[in-house]
Amino acid sequence: MLVSFIRNLSKNKLFKPQVLVRKEVSFGLFTVFVISCLISIGAGNWFNAKTSGSKSLQVGNLEPDNQQWQGPRLKMPTIQAFLPYPIANTSRLKLVAGLKNLETELETSLKNSTGEVIGLLNASPWPEIHDRARMAKVPVLMYHDILPRKEVFFDVTPQQLEAHFQLIKAKGATPVSLDQLIKHLQTGMPLPEKPVILTFDDGYGGHYKYVYPLLKKYGYPAVFSIYTAGVGNNTGRSHVSWQELRQMAADPLVTIAAHSLTHPPSLTTLSDGQLQKEVIKSKQILQNNLGIPIKYFTYPSGKYDPRVEAWVKFAKYQAALTMDDSNEQFAGESKNLLGIARFGQSKIKTVLKQAWGGPPLPPPRFGNSIDFTAPISKQKITIDRVSLVLISGGKPTTIHANKRDTLQNILEGTDAVAAVDGAFFSLRSMASNEMIGPIFSHNRQQFIPSGAGELPRIAGRPLVLIGSQTAKFTPFNPNKHNSLAGIRTEMSSVTDAFVAAAWLVKNGEAQSAKSFNKLFGFDAARHRAFWGFNQAGQPMIGISKIPVDSVKLGAILVKAGFQDAVMLDSGASTSLVYQGKSLVEYTPRPVPHVVALLDPASTLKVSKLDARQKSPQNKQNKRRT
């Protein structure tokens, strides 16, 4: 029964045990992991059931909800349940006291590690790169020889290299190891704010003489790619010896990667027999001489093709580095883990300005809770070549203005930190504030029903409901939701309500073209505005910086971490404000309605708003749907 449960759990789309680190991780290891979780998280239910006479195994602490794991409910086992036989009261009390201390430590550890566990269990299948990692901008810098006097343009002197290290420190960047990069690329778990990876190719003598001492001085990790025929060969340029290489390989700062046997100009021109030697034998030689596993490969001159990649897979390398002077990319933009792109070291100033370790991993979401306590933050990301500006956290509210205006003017005098344009509205005149569909805003505290003529056209669209501590999206029912009493049957504490254009993301799934019904222009490329909740239940508002159709945008928002998202008025109305500044490069159309984010500790102060905003909207205006 337990094995059956684990197998069912492993089929859940958030649980991918076969890709924890590599594709080959066995089901047995995952079974051990889940059994450990059940013992530490769910054993209390089992022991309690057993002591109360129940014969069934209770595993309710790991329940999937709508196919989305909501995180373990951290109810620890009852300590007394672990005691299988009666013992003296005094001894029992001492034992219980000791076990309770252990219980507290276990609970704290589980809470602190849940996010990382979720990240590992949600890793992409090897060798694919995780969607969250593709949002980051992690530069991998490539160096070659380091020597006192440059002989070719890409050589670097020791003084120049130390200047680079000082620049890294001055810019607040953090060199990370290749192991850290691979974990990030496969799981999407973020790296430090400004990460950079240092790599040195070909095993030159200057790597031991100059680079290694500087790494120890600054505490920076680095990758050294070694072609074995060059070790100890000082014909022409000097190379590291096996003794020097063993000393470096024993240092935790150093990662050794195979760089072939003889460093041919291109592996793509070799026969399969030659490839076997270059890819596999080089790994064996390094492992035998250094006594460490060699997990990574670096293509000589960066050249490879599907056949070469297949040999790298066959040799069981976990990842491979490449290079392309005509198309240098950040690591997350690479094809996959077997073709990680790099920048030449001359680009260090440019890439350090752009370096970013990626968005934080959403904290585990317990049940269907909505979180209005997170601090408000802004981020710019690019997914599938579409740039987005996202603002997350805080408490959502809406403002229904007295007339159409800019977001900055509507927010003036309020405590709102950020806002995006809201629901659809009439275009009849600038003085109009007539909305499409019913409207209920915190600032007006007055419910305004929809006109009867538009009800059939907006039926089924997302009805947005916001309360003091929660929010939800539900299909608009004209027979039920066109009154304050009706929407209160959905949410008794509702403070804001309006009808959005369409779902972009629903229960973690991007919506198909069919779901947009006959919404005008949904399939056209336009600037888009949207809001919803991420996987941690935190509010998120945002815009696309370039025109995009609604179906593609939905798929992008799933990759950006949205659990649910609805489209707001878009096109010329698309506008976003953060801390009083517009985040669009054009002059947007004035709007009468916004979705705003407040600091978790503040409330929307109605008294600060224009008193005229309490006047009802003109119900005779022409409408657009």
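**First stop: helices α5 and α7**

Select residues 158-170, helix α5, and residues 205-218, helix α7. In this predicted model, their axes come within 11 Å and cross at roughly 25°. Angles under 35 degrees count as roughly parallel, so α5 and α7 are roughly parallel to each other. Their crossing is right-handed.

Now show the side chains where the two helices touch. On α5, pick Pro-158, Leu-161, Glu-162, Phe-165 and Gln-166. On α7, pick Tyr-210, Val-211, Leu-214, Leu-215, Lys-217 and Tyr-218. Colour them by type. You get 8 nonpolar, 1 polar and 2 charged residues in the contact of α5 with α7.

**Second stop: helices α9 and α10**

Move on to residues 272-290, helix α9, and add residues 306-314, helix α10. At what angle do the axes of α9 and α10 cross? The angle is roughly 50°, and the axes come within 10 Å. That value makes α9 oblique to α10. The crossing of α9 past α10 is right-handed.

Show side chains again. From α9, the contact uses Asp-272, Leu-275, Gln-276, Val-279 and Ile-280. From α10, it uses Arg-307, Val-308, Trp-311, Val-312 and Phe-314. Colour by type once more. The contact of α9 with α10 holds 7 nonpolar, 1 polar and 2 charged residues.

**Third stop: Ile-280**

Stay on helix α9 and zoom in on Ile-280. Is Ile-280 buried or exposed? Its relative accessible area is 15%. The cut-off for buried is under 20%, so Ile-280 counts as buried.

Next, select what Ile-280 touches. Leave aside its neighbours within four places in sequence. The contacts are then Leu-275, Trp-311, Phe-314 and Ala-315. Two of these names, Trp-311 and Phe-314, you have already met on α10.

Now add Leu-261 and draw a line from its C-alpha to the C-alpha of Ile-280. The line should read 8.7 Å. Along the sequence, Leu-261 and Ile-280 are 19 residues apart.

**Last stop: the whole protein**

Zoom out and switch to cartoon view. How many helices and strands does the protein have? There are 15 helices and 27 strands.

Turn on the surface. The protein exposes about 27700 Å². Carbon and sulfur atoms supply 53% of that area. Then think about the inside: of the 625 residues, 53% count as buried.

End with contacts. Take those between residues at least 6 apart in sequence. Of these, 72% join residues at least 24 apart.

Conventions: Residues are numbered from 1 along each chain as its sequence is written. This is a predicted model: local features need pLDDT of at least 70, side-chain atom pairs count only at pLDDT 80 or more; totals for chains, interfaces and linings use all residues. Side-chain values use heavy atoms; hydrogens and water are left out. Helices (H or I, at least four residues) and strands (E, at least two) are DSSP runs, numbered from the N terminus. Buried means under 20% relative accessible area, exposed over 50%, partly exposed in between (1.4 Å probe, protein chains only). Contact means heavy atoms within 4.5 Å. Accessible areas come from the Shrake-Rupley method with a 1.4 Å probe; for residues, only the protein chains shown count as cover. Axes are lines fitted to C-alpha atoms, for helices over the stretch in contact, and angles run from 0 to 180 degrees between N-to-C directions. Angles under 35 degrees count as roughly parallel, over 145 as roughly antiparallel, 65 to 115 as roughly perpendicular and the rest as oblique. A crossing is left-handed if the near helix is turned anticlockwise from the far one by less than a right angle, and right-handed if clockwise. Ala, Val, Leu, Ile, Met, Phe, Trp, Tyr, Cys and Pro count as nonpolar, Asp, Glu, Lys and Arg as charged, and the others, Gly among them, as polar.
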